[in-house]
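Q: Please take a close look at the salt bridges in this structure. Which side chains meet, and where in the chain do they lie?

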Amino acid sequence: GSGDNTSSTLDVSPSGADRQKTAAELGLKHGSMITILPPPTAKKDAEESKSQNNAEENMDRFDPFPDLAKSTSYSTASRRARALSRGVSRGMTYGDISRVRSTMHTVEPQPTGPLTRVYVCQVGAARFQNHCIVNTPMKKQKQSPSTKKKDELARVENRVALLFGTINKERADQSRKKARTSLSTAREDEKMCEVAKVHAIWEPPMQKPTLNGKHYDEACLLSNYLGETDDKPKKETATDRAIRVAGWLGLQPLGWMFSYEDENRHEDGDALPVHGRDAVVGSKLQIETMKRRGREEGCKFVTLALDGRIGATEAFQLSDVCVQMVAENVLSPPVVDEALQSTRFMALKDPVVVSGEETKRLDSVLLLVNTAMLSHVGLYSGGANAPIGGNVKRGSGALLVKTRKRILAAMEQGNGALKELCDFDVLLALDSLIGRQESEKLCLLVRKYARGQKKGTVLDGHLKLTLQSVLGG
C-alpha cells in the first residue's frame, strides 16, 4: 500500500504478520492507493520444479550437433516470456520476442553432407527389391491369363534394411585423367572427398509391415538398434549379432534403406521419395550411430529409398538440423493410418523458421541432402552370380537347403567354399550355428579372401569339420 507518496509492502498472506491489523494501524487513510500482489512463493516453486525437470531432461539428452542445440524448447520459452510480461510492464519487449525466437530452429536447405558419394551394392539392392514383391499363390493366377491381372497380384510389401560398409577417401574429381611424366607434380594436392561403400545390405528377420504391406515395420529396426546401455537385455538381439559379425568383416553400420510403393509418392506431382516419417526414423538411427561411433564418424549416415515395384533407388543424407530437431523431440513422426496418404508435410508442436517466417507445417524436402549414388558389387553380397532371392530365408534368415548343398559341394572341391561364403547373410546364419570363436575365425578368413588375398587363405581342418557338421555333410 502507499500513503503520502511513501510505499511499503504489507504481508497479508495467511501466515503474514499484517493480516490481523486494522487499516489505521497499517497507516491506510481514506484515498490511499493500494496494489495487491499475488503471494510469490507457490508459483516460484512450481516454476522452479518445472525448469528443474526441463534442465534434467536436457542433461540426459544426447545432442548430435551441439552447435545447433537449443537449451529450452520454444513452448517453454514463450510460456516464461508471457508470464514475465504479465508483471509490471504489460507486454513483451523486442528483446523478449527475439529471445523467444532464438529458441526456434531455422530450417533451410543444406547443400552438402559429410559424404560426397555413396556406392550401393547392386546385388544387395536387387535382392532387397525381390523380397519386397509378394507373389500370391499360383491358383489365382490360373484363372486370370491376362498380364494386367497378373501385375495386380504381385503385391509390394515394404521392408527396411541396415547398410553395412566402409567409409573411404577418394579424389573428388575422378573424371580427369592426367598424363603423367617424371616431372609431373604428385597427385596428393588434389582435392579428396569421403564416400560410403555399401558391401552388405542386411534385412532384419521377422518384419511385419502394416496396412497390408504399405507401411514398413520400422520398429523391428529401431527397437533392436537403439540400445539403452543401462537396461540392455542380456540376450543378444539379431541386430547386435549383425553388427558384431559385420565388425569382424571390417564393416560398420553406415545407413539404412526402405522401400515405398510408387503411387503414394508421386501423387503431388513433385516426386519426393523420402517423407517426414522416413526422415524421423533415419534421424533416430543416425543419432544412435553417433552415440556408438562418436559424432565425427556416426554422422556419415545414408538413407536409401527404393521404389518397391521397379527397384529405382535414390540416396539422401539428412540435414544436421533435422537430426538435432529429432533429438530434441521437435520433430515427431506423423501418425499414419489409411486416411493419411502423404506424410510429406509434417505438423510440428513448436514452430520453426523457414525462409524468415515462422511455421508449424514443415515440408520434409528441406530436411534432405541429395547425394550422388553409384553402383558396385559389394564384397559380401555373394557376388554378381548369386541367386536373385538370396541364400537365406526371407522371414527367418536361416540358410536355404540349396545353399547348404552348394557350400558342401564347394568344400569338397578344395578351396571353392570361401567364394561361396563371401555373403553376409550366409555368415550371419552360420554364426548362430557354430561357436563364437569359430565364427570369428571364419569371418577373418573370408575377409582376407574377399579383399584379394586368395593365395594361402584356406579353411583349416577344424573349421571344415565344424562347417560340414552344421551343414549336414
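A: What follows goes through the salt bridges one pair at a time.

The model is predicted. Side chains of opposite charge can pair when their charged atoms come close. In this model the count comes to 10 salt bridges.

One of them joins the side chains of Arg 127 and Asp 423, at 4.0 Å from N to O. Arg 127 sits in helix α4 (residues 122-132), while Asp 423 is in the loop between α13 (417-420) and α14 (424-431), so this pair links distant parts of the chain, 296 residues apart. Arg 127 has a relative accessible area of 6%, which is under 20%, so Arg 127 is buried. Asp 423 is buried as well, with a relative accessible area of 0%.

Another salt bridge is formed by the side chains of Arg 159 and Glu 203, at 2.8 Å from N to O. Arg 159 lies in the loop between β5 (155-156) and β6 (160-171), and Glu 203 in the loop between β7 (192-202) and α7 (219-225), so the pair ties together parts that are 44 residues apart in sequence. Arg 159 counts as buried at 4% relative accessibility, and Glu 203 counts as buried at 13%.

The side chains of Arg 244 and Asp 431 also meet in a salt bridge, at 2.9 Å from N to O. This pair links helix α8 (residues 238-248), which holds Arg 244, with helix α14, which holds Asp 431, and the two residues are 187 residues apart. Arg 244 is buried, with a relative accessible area of 15%, and Asp 431 counts as buried at 7%.

Salt bridges can also form a network: Lys 169, Glu 194, Glu 297 and Lys 300 are linked in this way.

Definitions and conventions
Residues numbered from 1 in each chain as written. Predicted model: local features only at pLDDT ≥ 70, side-chain atom pairs only at ≥ 80, totals over all residues. Heavy atoms only, no water. Helix = DSSP H or I, 4+ residues; strand = E, 2+ residues; numbered from the N terminus. Buried < 20%, exposed > 50% of the residue type's maximum accessible area, 1.4 Å probe, protein only.
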